[in-house]
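Hello,

Here is the structure I promised to pass on to you. Please open it next to this message, and my notes on what turned up follow below.

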Amino acid sequence: MSSHRYHQHFTVSWDQLHRDVRELCHRLIERDFKGIVAITRGGLIPAALIARELNVRLIDTVCIKSYDHMDQGGLDVMKGVDHDGDGWLLVDDLVDTGKTARKVREMLPKAHFVTVYAKPEGRPLVDQYLTEVAQDCWIQFPWDMGIAYVEPLVDQVKR
Ligand SMILES: O=P(O)(O)OC[C@H]1O[C@H](OP(=O)(O)OP(=O)(O)O)[C@H](O)[C@@H]1O
Ligand code: HPA
Ligand SMILES: [Mg+2]
(Lines give C-alpha, C1' and ligand atoms only; values in the text may rest on other atoms or scores of the structure.)
(Ligands and ions follow the chains in the order given, each with its own letter.)
Protein backbone atom coordinates (compact mmCIF):
# COMPACT_ATOMS: atom_id res chain seq x y z
CA MET A 1 0.00 0.00 0.00
CA SER A 2 1.35 3.45 -0.74
CA SER A 3 0.92 7.19 -0.51
CA HIS A 4 -1.38 7.11 -3.60
CA ARG A 5 -4.29 6.22 -1.33
CA TYR A 6 -4.16 9.60 0.44
CA HIS A 7 -5.84 12.58 -1.25
CA GLN A 8 -6.41 14.91 1.69
CA HIS A 9 -4.53 16.09 4.77
CA PHE A 10 -5.86 16.61 8.26
CA THR A 11 -3.34 18.64 10.25
CA VAL A 12 -3.45 18.22 14.01
CA SER A 13 -1.74 20.83 16.20
CA TRP A 14 -0.34 20.06 19.67
CA ASP A 15 -3.20 22.03 21.14
CA GLN A 16 -5.83 20.14 19.15
CA LEU A 17 -4.28 16.79 20.05
CA HIS A 18 -4.22 17.70 23.74
CA ARG A 19 -7.89 18.75 23.69
CA ASP A 20 -8.87 15.61 21.78
CA VAL A 21 -7.04 13.32 24.21
CA ARG A 22 -8.66 15.09 27.18
CA GLU A 23 -12.08 14.60 25.58
CA LEU A 24 -11.31 10.90 25.13
CA CYS A 25 -10.34 10.75 28.82
CA HIS A 26 -13.76 12.08 29.83
CA ARG A 27 -15.18 8.96 28.19
CA LEU A 28 -12.78 6.68 30.09
CA ILE A 29 -13.05 8.18 33.56
CA GLU A 30 -15.55 5.66 34.94
CA ARG A 31 -13.22 2.73 34.21
CA ASP A 32 -10.33 1.46 36.31
CA PHE A 33 -7.20 0.25 34.59
CA LYS A 34 -4.25 -1.76 35.95
CA GLY A 35 -2.05 0.17 33.59
CA ILE A 36 -1.60 1.44 30.05
CA VAL A 37 0.05 -0.30 27.12
CA ALA A 38 1.19 2.23 24.51
CA ILE A 39 1.73 1.12 20.92
CA THR A 40 4.96 2.79 19.83
CA ARG A 41 5.73 5.23 18.71
CA GLY A 42 2.49 7.05 17.87
CA GLY A 43 0.69 5.82 20.99
CA LEU A 44 3.33 7.16 23.38
CA ILE A 45 2.20 10.78 23.53
CA PRO A 46 -1.54 10.06 23.86
CA ALA A 47 -0.65 7.40 26.47
CA ALA A 48 1.37 9.91 28.52
CA LEU A 49 -1.47 12.46 28.41
CA ILE A 50 -4.08 9.81 29.33
CA ALA A 51 -1.88 8.56 32.18
CA ARG A 52 -1.79 12.09 33.60
CA GLU A 53 -5.57 12.54 33.40
CA LEU A 54 -6.45 9.11 34.82
CA ASN A 55 -3.57 9.02 37.33
CA VAL A 56 -2.07 5.83 35.91
CA ARG A 57 1.60 5.22 36.72
CA LEU A 58 2.16 1.78 35.26
CA ILE A 59 2.94 2.08 31.56
CA ASP A 60 4.22 -0.59 29.20
CA THR A 61 4.79 -0.72 25.44
CA VAL A 62 4.16 -2.91 22.44
CA CYS A 63 6.84 -1.89 19.97
CA ILE A 64 5.67 -2.29 16.39
CA LYS A 65 6.36 -0.67 13.05
CA SER A 66 4.20 -0.71 9.93
CA TYR A 67 4.83 2.49 7.91
CA ASP A 68 7.78 4.30 6.39
CA HIS A 69 6.23 7.75 6.14
CA MET A 70 3.09 7.08 3.98
CA ASP A 71 4.18 3.69 2.69
CA GLN A 72 2.94 0.63 4.54
CA GLY A 73 5.26 -2.35 4.68
CA GLY A 74 5.21 -5.62 6.65
CA LEU A 75 4.57 -5.57 10.38
CA ASP A 76 7.67 -5.69 12.53
CA VAL A 77 6.96 -6.51 16.21
CA MET A 78 10.06 -5.66 18.26
CA LYS A 79 8.57 -6.05 21.75
CA GLY A 80 5.38 -7.57 23.15
CA VAL A 81 4.00 -7.99 26.69
CA ASP A 82 3.62 -11.11 28.85
CA HIS A 83 -0.14 -10.84 29.54
CA ASP A 84 -3.44 -10.87 27.61
CA GLY A 85 -4.35 -7.27 28.41
CA ASP A 86 -7.05 -8.07 30.97
CA GLY A 87 -7.74 -4.82 32.88
CA TRP A 88 -5.29 -2.81 30.78
CA LEU A 89 -5.89 0.19 28.53
CA LEU A 90 -4.30 -0.17 25.10
CA VAL A 91 -3.53 3.13 23.34
CA ASP A 92 -2.55 4.17 19.84
CA ASP A 93 -2.69 7.52 18.07
CA LEU A 94 -4.86 6.23 15.22
CA VAL A 95 -6.20 3.21 13.42
CA ASP A 96 -5.99 3.38 9.60
CA THR A 97 -6.23 0.08 7.67
CA GLY A 98 -6.42 -1.78 10.99
CA LYS A 99 -3.38 -3.93 10.23
CA THR A 100 -1.47 -2.79 13.33
CA ALA A 101 -4.59 -2.97 15.51
CA ARG A 102 -5.40 -6.51 14.33
CA LYS A 103 -1.93 -7.72 15.28
CA VAL A 104 -1.94 -6.02 18.68
CA ARG A 105 -5.48 -7.29 19.40
CA GLU A 106 -4.19 -10.84 18.87
CA MET A 107 -1.46 -10.15 21.42
CA LEU A 108 -3.73 -8.45 24.01
CA PRO A 109 -7.27 -9.75 23.31
CA LYS A 110 -8.67 -8.61 26.68
CA ALA A 111 -7.36 -5.04 26.68
CA HIS A 112 -9.65 -2.02 26.26
CA PHE A 113 -8.33 -0.56 23.01
CA VAL A 114 -8.63 3.18 22.29
CA THR A 115 -7.29 5.50 19.63
CA VAL A 116 -7.69 9.25 19.26
CA TYR A 117 -8.46 9.09 15.53
CA ALA A 118 -10.00 6.28 13.48
CA LYS A 119 -10.54 5.70 9.77
CA PRO A 120 -13.47 3.51 8.59
CA GLU A 121 -11.44 0.39 7.68
CA GLY A 122 -9.81 0.16 11.10
CA ARG A 123 -12.64 1.51 13.24
CA PRO A 124 -14.28 -1.88 14.05
CA LEU A 125 -11.03 -3.06 15.65
CA VAL A 126 -11.00 -0.53 18.48
CA ASP A 127 -13.33 -0.31 21.48
CA GLN A 128 -13.40 3.49 21.55
CA TYR A 129 -12.04 6.43 19.54
CA LEU A 130 -12.67 10.15 19.54
CA THR A 131 -12.74 11.44 15.95
CA GLU A 132 -13.43 9.70 12.66
CA VAL A 133 -11.33 10.74 9.67
CA ALA A 134 -11.89 9.80 6.00
CA GLN A 135 -9.99 6.76 4.70
CA ASP A 136 -8.18 8.81 2.03
CA CYS A 137 -7.05 11.43 4.52
CA TRP A 138 -3.50 11.52 5.90
CA ILE A 139 -3.40 12.71 9.50
CA GLN A 140 -0.42 14.99 9.95
CA PHE A 141 0.68 14.83 13.59
CA PRO A 142 2.41 17.72 15.38
CA TRP A 143 5.56 15.70 16.12
CA ASP A 144 6.12 15.35 12.35
CA MET A 145 5.86 19.11 11.71
CA GLY A 146 7.68 22.33 12.51
CA ILE A 147 6.94 26.04 12.38
CA ALA A 148 8.08 27.47 9.05
CA TYR A 149 8.15 30.87 7.32
CA VAL A 150 5.30 31.43 4.84
CA GLU A 151 5.79 33.89 1.96
CA PRO A 152 3.28 36.78 1.73
CA LEU A 153 0.44 35.93 -0.64
CA VAL A 154 1.38 38.65 -3.18
CA ASP A 155 4.83 37.12 -3.56
CA GLN A 156 3.43 33.61 -3.95
CA VAL A 157 0.80 34.64 -6.50
CA LYS A 158 2.31 37.56 -8.45
CA ARG A 159 5.99 36.69 -8.65
O1 LIG B 1 -4.07 0.85 10.89
P2 LIG B 1 -2.74 0.79 10.23
O3 LIG B 1 -2.84 0.89 8.72
O4 LIG B 1 -1.90 -0.36 10.66
O5 LIG B 1 -1.95 2.15 10.63
C6 LIG B 1 -1.95 2.69 11.94
C7 LIG B 1 -0.58 2.60 12.57
O8 LIG B 1 0.38 3.25 11.73
C9 LIG B 1 1.10 4.23 12.49
O10 LIG B 1 2.24 3.66 13.09
P11 LIG B 1 3.63 3.45 12.30
O12 LIG B 1 3.76 2.03 11.89
O13 LIG B 1 3.75 4.47 11.21
O14 LIG B 1 4.75 3.69 13.35
P15 LIG B 1 4.95 4.90 14.39
O16 LIG B 1 3.81 4.80 15.37
O17 LIG B 1 6.26 4.61 14.99
O18 LIG B 1 4.90 6.19 13.62
C19 LIG B 1 0.12 4.64 13.56
O20 LIG B 1 0.81 5.17 14.70
C21 LIG B 1 -0.59 3.35 13.89
O22 LIG B 1 0.13 2.60 14.85
O1 HPA C 1 -2.93 9.07 8.53
C2 HPA C 1 -1.87 8.76 9.12
N3 HPA C 1 -1.07 9.69 9.71
C4 HPA C 1 0.07 9.39 10.37
N5 HPA C 1 0.52 8.13 10.47
C6 HPA C 1 -0.22 7.15 9.91
N7 HPA C 1 0.00 5.82 9.87
C8 HPA C 1 -1.01 5.27 9.19
N9 HPA C 1 -1.88 6.19 8.77
C10 HPA C 1 -1.41 7.40 9.21
MG1 LIG D 1 2.12 3.55 15.30
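The chain has 4 helices and 8 strands, and in sequence order they run β-α-β-α-β-β-β-α-β-β-β-α. Please keep in mind that this is a predicted model. Along the principal axes, the C-alpha atoms fill a box of roughly 60 × 35 × 25 Å.

Let me take the two ligands in turn, starting with ligand 1.

There are 16 residues around ligand 1, and those that come nearest are Y67, D92, D93, T97 and T100. Three polar contacts are worth a look on your screen. The backbone of G42 places an N or O atom 2.8 Å from an oxygen atom of ligand 1. Q72 uses its side chain instead, with a polar atom 3.2 Å from a ligand 1 oxygen. The third comes from D96, where a backbone N or O atom is 2.8 Å from an oxygen atom of ligand 1. On its own ligand 1 would expose 500 Å², and the protein buries 89% of that. As for where ligand 1 sits, its space is the largest pocket. Two or more residues of the shell come from each of β3 (59–68), β5 and α3, and β5 gives the most, with 4 residues. Sorted by class, the shell around ligand 1 holds 3 nonpolar, 7 polar and 6 charged residues.

Now to ligand 2.

Which residues surround ligand 2? They are Y6, Y67, L94, D96, K119, C137, W138, I139 and F141. By class this shell has 7 nonpolar residues, 2 charged ones and no polar ones. Strand β8 (residues 137–140) supplies the largest share of the shell, 3 residues. Here too there are three polar contacts to check. A polar side-chain atom of D96 lies 2.7 Å from a nitrogen atom of ligand 2. K119 has a side-chain N or O atom 2.8 Å from an oxygen atom of ligand 2. At I139 the contact is made by the backbone, with an N or O atom 2.6 Å from a nitrogen atom of ligand 2. Taken alone, ligand 2 exposes 260 Å², of which the protein buries 87%. The space taken by ligand 2 is, again, the largest pocket.

You will have noticed D96 in both accounts: its backbone contacts ligand 1, while its side chain contacts ligand 2. Y67 also appears twice, among the residues that come nearest to ligand 1 and among those around ligand 2.

D96 has one further partner. It forms a salt bridge with R5, and the closest N and O atoms of the pair are 3.5 Å apart. D96 lies in the loop between β5 (88–95) and α3 (99–107), and R5 is in the segment before β1 (8–11), so this salt bridge ties together parts that are 91 residues apart in sequence. The count of salt bridges comes to 12.

Finally, two spots in the backbone deserve a glance. Most peptide bonds are trans, and most residues other than glycine have a negative phi. Where does the chain have a cis peptide bond? One joins T40 and R41, with omega at about -10°. R41 is placed in the loop between β2 (35–40) and α2 (44–54). The other spot is N55, a residue other than glycine whose phi is positive, near 55°. N55 belongs to the loop between α2 and β3.

If you would like a place to begin, I suggest D96, with its backbone atom 2.8 Å from a ligand 1 oxygen, its side-chain atom 2.7 Å from a ligand 2 nitrogen and its salt bridge to R5.

Best wishes

Conventions. Residues numbered from 1 in each chain as written. Chains lettered and ligands numbered in written order. Predicted model: local features only at pLDDT ≥ 70, side-chain atom pairs only at ≥ 80, totals over all residues. Heavy atoms only, no water. Near = heavy atom within 4 Å. Polar contact = N/O pair within 3.5 Å; in protein donor to acceptor, adjacent residues only side chain to side chain. Areas by Shrake-Rupley, 256 points an atom, 1.4 Å probe, with all protein chains shown as cover. 1 Å grid on protein atoms, 1.4 Å probe; cavity = no way out; pocket = protein on both sides within 12 Å on 5 of 7 lines; lining within 4 Å. Sits in = over half its atoms within 2 Å of the grid points. Nonpolar A, V, L, I, M, F, W, Y, C, P; charged D, E, K, R; others polar. Salt bridge = Lys/Arg side-chain N within 4 Å of Asp/Glu carboxyl O.
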